[in-house]
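Here is a friendly walk through the fold, meant to be read with the structure open beside you. We begin in the interior and work outwards to the sheets and helices.

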Amino acid sequence: GRHALQSRYEKLGYDLEEDALNRAYRLFSILADQKQEILDEDLVAILHYGAMEDVPVFLRLSNLTVQCGANRSTADVEIQTQDGSKKTGSGEGDGPIAAAFSAVDSVTGLAAVVEDLTIRATTPGRDAVGEVSLVARIDGKTFSGRGASPDVVNAATRAYLHILRQLAPVKTTPTGEVVRCDF
């Protein structure tokens with residue numbers, strides 16, 4: 001349980017306060033439902049990629065459904081906005097990641113040009129946590145984002161939303177006026 005998790009983090013050199021331990025335990029429980037074995041690398045990934053999961057953000061991925069195969073890939077997303085409302089969108093693309101990005105674009109009204117997308121396993125094994133690093137350009141500005149999940153399409157979508165969250169406060173209108181994005 002929670003005490004065993006705290007003990008393991010201490011052995012790894014992390015002294016977590018109660019709030020951080022509660023967040024880590026919640027994310028650990030979610031990951032344990034997805035993976036058979038949780039490794040030390042998974043625990044570190046939880047700290048680095050999930051520690052701020054409950055902090056208010058402009059856009060948070062609530063649900064992602066992707067279909068891919070012989071035809072064009074399709075995706076449906078549900079995104080929670082800063083005010084707590086949920087918005088849904090759909091998209092399609094040449095592959096599952098492109099379809100997921102298109103679905104996010106249908107919610108936000110934005111479209112980023114992906115310049116670099118890198119996927120790497122942060123843990124060993126078939127059920128490894130995938131880390132996605134993404135560089136994209138929006139309105140002539142370059143942004144980078146990161147996401148992690150056992151599902152790399154989910155991780156890529158989180159990285160894409162990370163980029164859009166950075167853009168949200170600095171969106172400019174066609175007339176050059178800086179406005180706060182209201183997705």
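In this predicted model, the largest nonpolar core has 28 residues, and those touching the most other members are Leu64, Val77, Ile79, Val104, Tyr160, Leu161 and Leu164. Two or more residues of this core come from each of strand 1 (59-67), strand 2 (73-81), helix 4 (96-108), strand 5 and helix 5 (152-167). Helix 5 gives the largest share, eight residues. Another core lies apart from this one; it has 12 residues, including Leu43, Ile46, Val129 and Ala148.

Valine 77 is a good place to pause. Which residues does valine 77 contact once its neighbours within four places in sequence are left aside? They are Leu61, Asn63, Leu64, Lys87, Thr88, Gly89, Ala100, Ala103, Val104 and Val107. One of these contacts, leucine 64, is also tied to valine 77 through the backbone ladder: valine 77 in strand 2 is the bridge partner of leucine 64.

That brings us to the sheets. As a reminder, strands of a sheet pair through backbone hydrogen bonds, either parallel or antiparallel. Here is how the strand pairs compare.

| Strand pair | Sense | Bridges | A facing pair |
|---|---|---|---|
| Strand 1 and strand 2 | antiparallel | eight bridges | leucine 64 and valine 77 |
| Strand 2 and strand 3 | antiparallel | eight bridges | glutamate 78 and threonine 88 |
| Strand 4 and strand 5 | antiparallel | eight bridges | alanine 121 and glycine 130 |
| Strand 5 and strand 6 | antiparallel | nine bridges | leucine 134 and glycine 145 |

One open sheet is built from three antiparallel strands in the order 1-2-3. Strand 1 and strand 3 (86-93) are its edge strands, each pairing on one side only. From one strand to the next, the twist of this sheet averages 20 degrees. Helix 4 packs on the sheet and touches strand 1, strand 2 and strand 3, while its direction makes about 140 degrees with that of strand 3. The hairpin of strand 2 and strand 3 has four residues between the strands, and glycine 84 in this hairpin takes a positive phi near 95 degrees.

The other sheet to look at is also open, with three antiparallel strands in the order 4-5-6. Its edges are strand 4 (113-121) and strand 6, each of which pairs on one side only. Here the twist averages 15 degrees from one strand to the next. Strand 5 (residues 130-138) and strand 6 (residues 141-149) form a hairpin pairing over nine bridges, with two residues between the strands. In that hairpin, aspartate 139 takes a positive phi near 50 degrees.

Finally, turn to the N-terminal helices. How do helix 1 and helix 2 cross? The axes of helix 1 (residues 2-11) and helix 2 (residues 18-34) come within 10 Å and cross at roughly 110 degrees, which means that helix 1 is roughly perpendicular to helix 2. On the helix 1 side, the contact is made by Arg2, Leu5, Gln6 and Tyr9, and these meet Leu21, Asn22, Ala24, Tyr25 and Phe28 of helix 2. Sorted by class, this contact has six nonpolar, two polar and one charged residues.

Notes
Residues are numbered from 1 along each chain as its sequence is written. This is a predicted model: local features need pLDDT of at least 70, side-chain atom pairs count only at pLDDT 80 or more; totals for chains, interfaces and linings use all residues. Side-chain values use heavy atoms; hydrogens and water are left out. Axes are lines fitted to C-alpha atoms, for helices over the stretch in contact, and angles run from 0 to 180 degrees between N-to-C directions. Angles under 35 degrees count as roughly parallel, over 145 as roughly antiparallel, 65 to 115 as roughly perpendicular and the rest as oblique. Contact means heavy atoms within 4.5 Å. Ala, Val, Leu, Ile, Met, Phe, Trp, Tyr, Cys and Pro count as nonpolar, Asp, Glu, Lys and Arg as charged, and the others, Gly among them, as polar. Two strands pair if DSSP finds at least two bridges between them. A nonpolar core is a set of buried Ala, Val, Leu, Ile, Met, Phe, Trp, Tyr and Cys residues joined through side-chain atoms within 4.5 Å. Buried means under 20% relative accessible area, exposed over 50%, partly exposed in between (1.4 Å probe, protein chains only).
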